[in-house]
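This report describes a protein chain through its overall build, its charged side chains and its surface patches. Please keep the sequence and the structure in view while reading.

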Amino acid sequence: MDFEKEFRIKPSESVSLKKRETKTKGPFEDKADAVAATEKNIATIQELQYRMYVEAKQSLLIVLQAPDAAGKDGVIRKVLGKMNPQGCRTYPFKVPSSVELAHDFLWRIHSCTPARGKVAIFNRSHYEDVLVVRVQNLVPESVWRPRYEIINDFERNLAANGTRILKFYLHISPEEQLERFRKRLENPAKHWKLNPGDYEARNQWDDVRRAYEDAFERCSTKYAPWYVIPADHKWFRDAAISSIVAKTLSEMDPKFPPVDVDLDEIRRLYDLAKDAQKI
């Protein structure tokens, strides 16, 4: 399966999340088969990310958006978190602070975009400002609607300066979400995640879905595509995302910089040091 082609939203494509599957095995025979593919992809990601870090000419921005319990943290922990932390950082965007609210909605975002050679992972993102604010009526439509084009311009600017952008929506069913809520209740180690607001959000499921569909249609571009990833099976979710990230890094094809030292002289100095060590 070409995961990139299968789950990418084309520019201006009308999207119906109701018609898109949340559970699939894809090309995999079973979970073990998918896990093996993910591990292979992670090895590729690790190698290419190291090259990109050393090359220091390109960068990668990965955006994760999803309903609660769809697995953003799991993707970061199991897949994206395997990259070298020297060149990779995760930014979890929560409710804006009073200082952040005093600026334009992209103010807190722009400083977190990746420098050349780096990878930035957004756990939630600037898209909250056309999702949450819309569904919860935090600002009027006259404020949030123009933000689609502002976001497109923002992402176009990043792309023009050497940043590849991947945006993933983890597509989970209401039934699977509720099952994961149950598991959280039964696991004391996950009680810190419990939030009454998660259940209130379920009552707005259709409103949230429509907000995402509009964002996909208006903001999935050639330079910053959206991918809708079936997420009911965690192992498929991880395999699909790791495949797309690995393919993207391969297309970026980062190179080690040319050697600017005299290798023969370095070998001579090494041999001298080695001989001196024996004395």
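The text below goes from the whole chain to salt bridges and then to the surface.

The model is a predicted one, and its protein chain contains 13 helices and five strands. Along its principal axes, the C-alpha trace spans about 75 × 45 × 35 Å. Of the 279 residues in the chain, 44% count as buried, while the accessible surface comes to about 15100 Å², with 51% of that area belonging to carbon and sulfur atoms. When contacts between residues at least 6 apart in sequence are considered, 82% of them join residues at least 24 apart.

The chain carries 47 positive and 42 negative side chains, and the centres of these two sets lie 1 Å apart. The count of salt bridges comes to 25, including the three in the table, where each distance is that between N and O atoms.

| Salt bridge | N to O distance |
|---|---|
| R145 and E141 | 2.6 Å |
| E251 and R164 | 3.1 Å |
| E179 and R182 | 2.4 Å |

The salt bridge between E251 and R164 links distant parts of the chain, since E251 belongs to helix 12 and R164 to strand 4 (residues 163–171), with their positions 87 residues apart in sequence. E251 counts as partly exposed at 47% relative accessibility, and R164 is likewise partly exposed, with a relative accessible area of 32%.

E179 and R182, by contrast, both lie in helix 9 (residues 174–186), and because they are three residues apart there, about one helical turn separates them. E179 is partly exposed with a relative accessible area of 29%, and R182 counts as partly exposed at 35% relative accessibility. Elsewhere, D68, R124 and E128 are joined into one network by salt bridges that share partners.

For the pair formed by R145 and E141, R145 is partly exposed with a relative accessible area of 29%, and E141 counts as partly exposed at 43% relative accessibility.

On the surface, K31, R77, K78, K183, K190 and K234 form a positive patch. One of these residues, R77, lies in helix 3 (residues 72–78) and counts as exposed because its relative accessibility is 54%, where the cut-off is over 50%.

A nonpolar surface patch is formed by V259, V261, L263, I266, L269 and L272, which together have about 530 Å² of accessible area. V259 is found in the loop between helix 12 (234–252) and helix 13 (263–278), and at 57% relative accessibility V259 counts as exposed.

Conventions
Residues numbered from 1 in each chain as written. Predicted model: local features only at pLDDT ≥ 70, side-chain atom pairs only at ≥ 80, totals over all residues. Heavy atoms only, no water. Patch = residues over 30% accessible without salt bridge, like charges linked within 9 Å, V, L, I, M, F, W, Y side chains within 5 Å. Areas by Shrake-Rupley, 256 points an atom, 1.4 Å probe, with all protein chains shown as cover. Salt bridge = Lys/Arg side-chain N within 4 Å of Asp/Glu carboxyl O. Helix = DSSP H or I, 4+ residues; strand = E, 2+ residues; numbered from the N terminus. Buried < 20%, exposed > 50% of the residue type's maximum accessible area, 1.4 Å probe, protein only. Lys, Arg positive; Asp, Glu negative; His and termini not counted. Charge placed at Lys NZ, Arg CZ, Asp CG, Glu CD. Contact = heavy atoms within 4.5 Å.
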